[in-house]
Amino acid sequence: MAEFEARLDRGETIEPKDWMPEKYRKQLIRMMSQHAHSEIVGMLPEGNWITRAPCLRRKITLLAKVQDEAGHGLYIYCGTETLGIGREELVDQLLTGKAKYSSIFNYPTLTWADIGVIGWFVDGAAIVNQTMLAKTSYGPYARAMIRICKEENFHKRQGYEICSVLAAGTRAQRDMVQDAVNRWWWPSLMMFGPSDKDSPNSAELIRWRVKRESNDTLRQRFVDLTVPQARAINVSLPDPDLRYNAETERWHFGEIDWDEFYQVIKGNGPCNRERLAARRSAHDDGAWVRDAAAAYAHKRSAVSAA
Amino acid sequence: MTPDDGQVPGNDTQWPLWEVFTQEGEGAPHEHAGSVHAVDAEHALQNARDVYARRGKVVSIWVVPSEQIIASAPGDAGPLFDPGNDKPYRHPQFYKVPRGVRVE
Amino acid sequence: MTNPIATRSSTRSHAAFVSNKHMTSGTWVPGKRSDTATSGIASDPHVTYLLRVADDRLVLGHRLSEWCGHAPILEEDIALGNFALDLIGQASALLKHAGGIESKGRSEDTLAYFRDAVEYRNCLLVELPRGDFAMTLVRQFLFDAYDVLLLEGLVTSTDKTLGGIAAKAEKEARYHLRHSAEWVRMLGDGTAESHGRAQRALNDLWTYTPELFAVDDVDRAIVERGIGPDPVGLRDRWRATVQRVVSDATLTLPPDEHAATGGRTGRHTEHLGRMLSDMQSLARAHPGATW
């Protein structure tokens, strides 16, 4: 253990076959699988608008974005499997409610503007988090993050562009984007998780260099990036307490309603049940397909072995 | 022997794991990109292409069943790799070349 | 007694009387298909042909995109999404080109979002609901086997723009075919359940396949001008590919019976209207808006 922690202090990367404390392995499995589940569940609120995308270019780029998310989930599931747990078991944990996923995906996408705002806020927040994780101590996770960060920049830019076009559009479009911003701002801030003093896992994760910065630091970074972006497109953020602190060069923001966060985590968010039901259907309805492919390959290998 | 309904015996219908290596551009080495689940080699190649070669820079893909990969154990690092570290003549910087002479 | 506003019949078994204020004259000829039956909107065969090729892809791509987030396994979600992207991308390029030839100021978005079902020119095969995974992959295979041949023929089109689009699309189509054919084999020769579903899908879809190779005045004009291949000429090679994969899959080709047609002249199933009302709803709610 001392050697393990010394390695971490030297900034070394831990690889799948290296010795690691059981707790480290468990924490990583929890964190990585939660991240992967989030990518997969995250396909649903956005996928909701693919069939209704209002022009071909948006249809294509939204479909590409959601596909990327599936890919990201896949990279991280595969990274998690290096820790000695199978994909089937990971999926099972999600579908039975044992594993969590990011609270943000339990909110509904009510209008097309939600799609833009998700790209801008949710992917924006994810980038802040993932850029930090690119230096995480576990090799497969870090490498997955680097690959994902490269792809994520297009997602955020796409979302911001949608919002800026709406904000400069018809009256109905301007109202649409402001309404979406009003609904998604606070849940996006909650994505970074509770303040570290209230977060049970944070201290350990930071000691083991899995997380490199605190939730509050990341949240502040996100706010500082996003406020000027909102001003640039004439969209207001629903926080009467938002003000610039010239001394710290940071944007002070209002109190987050953590009750809402805990309710959503507990399963009482607007879409928790639907999200899981959709994933369960896909999995259950798809069982015969997975079985068929496995049977086909099995027959082929039996033939070639004969 | 498979049962009549074609089902694979036992509960193992999980698709095996394959490691994916991609080559980005002519002459570049194949690098590990990640993994995919698939039932056989053809299926693995297709899945690898869909997951890791979407952005079109990849010119070649290798897939290998994960269990076929034999890796050095971390404990071997010393004996296997250290001897190379103290042989400076394997590194280009060791050789002084007169200025103005092109070596490559 | 002839109805002065009568239009041509576009199905073999019965005439359809459609009044259309754009029609200037009409001769009722039983059993003869013609694409000016429903509208004066696209009477240039070149434009109509481009719309047929484009609409096939747009509708099929849209159907594939409906699987997003719901596929049996993550890898397949990504694959189907890739194919949807390829097809919709091709459709967009083709619609843009069609709008250009038509010269009435219709962009690819105008064509995609502001045409009603009766103005769409896709074949019926692609508009059917996605059904289960077997239905989707069997349909995809039947289309891909045709598409590879069609695109091969379009690469040398006298319409250079069309040729360019086809050259890029051909590479994509070859890959789609590889994937869908493999799935037909896996499902046909997988478990008893997958075999049953695949056979049912093939049985249900077969009647829609002859439309891919039907010929009318538009096709004749296109062939004459060297714009596209003769559909009839594609049929035997398509059938050979289909037969081979179907046999490998331990499935049976259904008997050739009735051919369901009409899509090429705007006579669609009820499915297309419902699909378009979903697809077009937002764009139509804000006409003239930029997105």
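This briefing covers confidence, the contact between chain A and chain C, and the largest cavity.

The model is predicted, so that local features need pLDDT of at least 70 and side-chain atom pairs count only at pLDDT 80 or more, while totals for chains, interfaces and linings use all residues. Residues are numbered from 1 along each chain as its sequence is written, chains are lettered from A in the order in which they are written, and side-chain values use heavy atoms, without hydrogens and water.

**Confidence**
- The predictor gives the complex an ipTM of 0.92 and a pTM of 0.86.
- Chain C averages a pLDDT (the predictor's confidence in each residue, from 0 to 100) of 89, and 86% of its residues score at least 70.

**Contact of chains A and C**
- Chain A brings 45 residues and chain C 50 residues to the contact, which is defined by heavy atoms within 4.5 Å.
- About 3900 Å² is buried between the two chains, 69% of it from carbon and sulfur atoms; buried area is the accessible area (1.4 Å probe) lost on putting two parts together, summed over both.
- The rule finds 3 salt bridges across this interface, each a side-chain nitrogen of Lys or Arg within 4 Å of a carboxyl oxygen of Asp or Glu.
- A:Lys299 forms a salt bridge with C:Asp189, with the closest N and O atoms 3.0 Å apart.

**Largest cavity**
- The largest cavity, a set of points on a 1 Å grid over the protein atoms alone where a 1.4 Å probe fits but cannot get out, has a volume (the space filled by probe spheres set on the points) of about 170 Å³.
- Its lining has 17 residues, those with an atom within 4 Å of a point, and C:Tyr49, C:Tyr146, C:Asp219, C:Pro231 and C:Arg264 are the closest to its centre.

Note on methods. On a 1 Å grid over the protein atoms alone, a cavity is a set of points where a 1.4 Å probe fits but cannot get out, and a pocket is an open set with protein on both sides within 12 Å along at least five of seven lines; lining residues have an atom within 4 Å of a point.
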